[in-house]
Amino acid sequence: MLPPLVFAPLYRRYIWGGRRFAEAFGRDLPPGDTCAESWELVDRGADQSVVSLGPLAGTPLGGLVRERGVELLGHAAPLAAFPLLFKFLDANRVLSVQVHPDDERAARLDPPDRGKTEAWYVVAAEPGSRIYAGLQDGVDRAALAAAIRAGTCDAVLHSFEPQSGDCIFIPAGTVHAIGAGLLVAEIQQSSDVTYRLFDWNRTAADGKPRPLHIEAGVEAVTRTGPVSPVQPRATEDQAVRRLVTSEFFLLDEICPGDSWEVGGDDRCHFLAVLAGRLWLDDRWGLPPLGPGGCVFLPASAGGQELVTLPATRLLRVTLP
């Protein structure tokens, strides 16, 4: 039997990042440093989530997938690698406008990769922040390409001001960008294929514009029209609202009250704390998890009764 697993975060530093992980999650960031992304769950080559606490400390996720797959994954085993990546994003500045290919297109690349379908959950939003998701009604790929080349891509994008708690589902082939002032949780296929369509006419540190991938990117656009936040659906469990059901992942929002039972269903469950505090059974010897804390519950760990503060809010990711 595998115990619940807490992994060390992997930080990514990009020009659009800030220091919000320190204030929102109590993370210890180096003075003056900025962090754009915190990868909480990844099994992708050299990028590995590594167990940080307990008897399996120092063990990479990939090793568990390959060597103890049935215990870890239950019904989803065997897998060559864990197929999803979960991260937090601190958008201190607007991200570039991007699109990701679907599985069919990504498989034709050299080297081949997965496509990238993803979903965002808005943890916190500053007033006036924007989400860019999809294209305005009537805009096709030709009109998008023309706008990109004219430097007016923003004029054809669909956008809205998000609220904390909004979830946006971004299937592969959808044009998108996260605006400044947003703290976002993201679940995605484990893929590294991104086409940058538009970078707001800004320049990099060397004074030159960052390269765009217009031809390949426009060809990868398979979904046009606007994208709006999903409408959560009630489930048989009153604490659980289903946000996304896709062929790649299931995403739920959990408001457990003061306790909640999870597991024992031959599935692995990944939980991320957005607000409040969570305690696992004392037998695991793990500290309580506050905002930004994450835990992977292996299938073999069985049913778990979690104790939480009344205002606790969680995200749960499971494999279909």
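## A buried aspartate

D43 is buried (under 20% relative accessible area, 1.4 Å probe, protein chains only), yet D43 has no salt bridge, and R66, the nearest side chain of opposite charge, is 4.8 Å away. A salt bridge here needs a side-chain nitrogen of Lys or Arg within 4 Å of a carboxyl oxygen of Asp or Glu. This is a predicted model, with local features needing pLDDT of at least 70 and side-chain atom pairs pLDDT 80 or more, while totals for chains, interfaces and linings use all residues. Residues are numbered from 1 along each chain, and side-chain values use heavy atoms, without hydrogens and water.

What does D43 pair with instead? Its side chain makes a polar contact of 2.7 Å with that of Q48, and a polar atom of the D43 side chain lies 2.8 Å from the backbone nitrogen of F82. A polar contact is a donor-acceptor pair of N or O atoms within 3.5 Å; for residues adjacent in sequence, both must be side-chain atoms.

## Nonpolar cores

F82 turns up again in the largest nonpolar core, which has 41 residues; F82, F86 and L251 have the most contacts inside it. Such a core joins buried Ala, Val, Leu, Ile, Met, Phe, Trp, Tyr and Cys residues through side-chain atoms within 4.5 Å. A second, separate core of 23 residues includes V94, V97, V139 and A220.

## A three-stranded sheet

Now to an open sheet of 3 strands, ordered 19-23-21 with antiparallel pairing. Strands are DSSP runs of E, at least two residues long, and pairing takes at least two bridges. Strands 19 (259-262) and 21 (278-279) each have a single partner strand, so one side of each lacks a neighbour in the sheet. Strand 21 is joined to strand 23 (residues 304-308) by 2 bridges, and W279 has V307 as its bridge partner.

Definitions and conventions:
Helices (H or I, at least four residues) and strands (E, at least two) are DSSP runs, numbered from the N terminus. Buried means under 20% relative accessible area, exposed over 50%, partly exposed in between (1.4 Å probe, protein chains only). Lys and Arg count as positive and Asp and Glu as negative; His and the chain ends are not counted.
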